[in-house]
Amino acid sequence: MNIHEFQAKQLFRDYGIAVPAGSPATSVTEAVAVARGIDSDGWMVKAQVHAGGRGKAGGVKRAANVEEVEQISSALLGTHLVTHQTTAQGQPVNTLLIEATSTIARELYFGMLVDRATKRVVMMASTEGGMDIEEVAAKTPEKILTVTINPVTGLQGYQVRELGFGLDLNGDQIKALGKIMHGLYQLYREKDCSLVEINPLITTTDGALMALDAKINFDDNALYRHSDITALLDASQDDEKEHHAQQFGLNYISLDGNIGCLVNGAGLAMATMDLIKLHGGEPANFLDVGGGTSAEKVSEAFKLILSDEKVEAILVNIFGGIVRCDLIAEGIIRAVKEVGISIPVVVRLEGTNVEQGREILSQSDLSIITGDDLADAASKAVAAVQGGAA
């Protein structure tokens, strides 16, 4: 789960990490009021969207006076910001962050994530702040400094000094860096983060360290124990179909093809998409209904797939383990009748009570195409959209 910069900065404040004075605004009037309440020589007006590259896309602008705050806010609010990380439609700008400008001496990078190879949290830092860390890693990997934290001992003083010296910070700045690192490590663990990033982490002209930007991602699997974090979700920033899928426990990702996929199990879903492509077709989505699926979830999955106008056929690939194939077959029939599907539906069932499931499908009065195995089902789905017979 992602959150906005202004939300991440509030969490930073809660954990003792310095950030510029600022507040969110959802209207031009509110933006002007926020600016007037901040004692500063100028203000930054920052579009709040779940995407990087905002500055290059015109979503971060400096205002020298209140009149410019009003003009910039009016131009941004209600629009869609397109960056290199968004689709062509961009992300809706419903909120702005109005904050004081800062006097920047240096721009640094700081980040935290889980290194799955070592199964530990890694802190990264670089003198190349303000740049995409992927670009730094590709062109000058020696400029990325890392320390790996032992979960038993926690963050150690020598690790703070290692990064501080590597960033060419002085003694007072290393102390400030230590406070930031300890605060972020506490935040990372207590809130079950998957990524924390400050780009840039600046040194001001008076030598202080400050988080000029803030990005936090959270582990979706741990959100059940963080109601305060789930309350920060901005559904307008998510793909509408993907957000709808989450409400029913479905894992859905929209793709560019025309064959809708309804599968139980992530691995099986990927194999299904591979077989579709192998037979010359293009999958329209990744959709995992889960191992313990139900007729209700199958029905919602059909509705979700059909909400994509590109879909010309649906391939259902269910392995009946926990849930019996005869129950799945009944769910498919009910869903087809309820939704009113007019495009070809190809079904491959395997597993517990598979013969009963196939019998139920064959005896229905619906035009459901059955596949003997996954390869057969995939070829029939591709043939259906190409107008031929399998």
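**Exercise 1. Find how many salt bridges the structure holds, then follow those of Glu5.**

Step 1. Count. A search of the whole structure gives 16 salt bridges. The criterion is a side-chain nitrogen of Lys or Arg within 4 Å of a carboxyl oxygen of Asp or Glu. This is a predicted model: local features need pLDDT of at least 70, side-chain atom pairs need pLDDT 80 or more, and totals for chains, interfaces and linings use all residues. Residues are numbered from 1 along each chain as its sequence is written, and side-chain values use heavy atoms, with hydrogens and water left out.

Step 2. Take Lys9. Lys9 pairs with Glu5, and the closest N and O atoms are 2.8 Å apart. Both residues sit in helix H1 (residues 5-14), 4 residues apart, about one turn of the helix. Helices (H or I, at least four residues) and strands (E, at least two) are DSSP runs, numbered from the N terminus.

Step 3. Take Lys46. Glu5 also forms a salt bridge with Lys46, at 2.6 Å between the closest N and O atoms. This pair links distant parts of the chain: Glu5 is in helix H1, Lys46 in strand E2 (residues 43-47), 41 residues apart.

Step 4. Check burial. Buried means under 20% relative accessible area, exposed over 50%, partly exposed in between (1.4 Å probe, protein chains only). Lys9 is buried at 1%. Glu5 is buried at 5%. Lys46 is buried at 7%.

**Exercise 2. Classify the two partners of the Lys310 and Asp308 salt bridge by accessibility, then state which residues share a network.**

Step 1. The side chains of Lys310 and Asp308 meet at 3.0 Å, N to O.

Step 2. Lys310 is partly exposed, at 36% relative accessible area. Asp308 is buried, at 6%.

Step 3. Elsewhere, salt bridges with shared partners join Glu5, Lys9, Lys46, Arg54, Glu99 and Asp213 into one network.

**Exercise 3. Work out the strand order of the open sheet and place helix H2.**

Step 1. The sheet has 4 strands, in the order E1-E6-E2-E3, with antiparallel pairing. Strands pair if DSSP finds at least two bridges between them.

Step 2. Strand E1 (22-25) and strand E3 (60-63) each have a single partner strand, so one side of each lacks a neighbour in the sheet.

Step 3. Neighbouring strands are turned by 20° against each other on average, direction ignored. Axes are lines fitted to C-alpha atoms, for helices over the stretch in contact; angles run from 0 to 180 degrees between N-to-C directions.

Step 4. E2 and E3 are joined by 4 bridges. Val45 stands opposite Lys61 in E3.

Step 5. Helix H2 (residues 28-36) packs on the sheet and touches E1, E2 and strand E6 (96-100). Contact means heavy atoms within 4.5 Å. The direction of H2 makes about 170° with that of E1.
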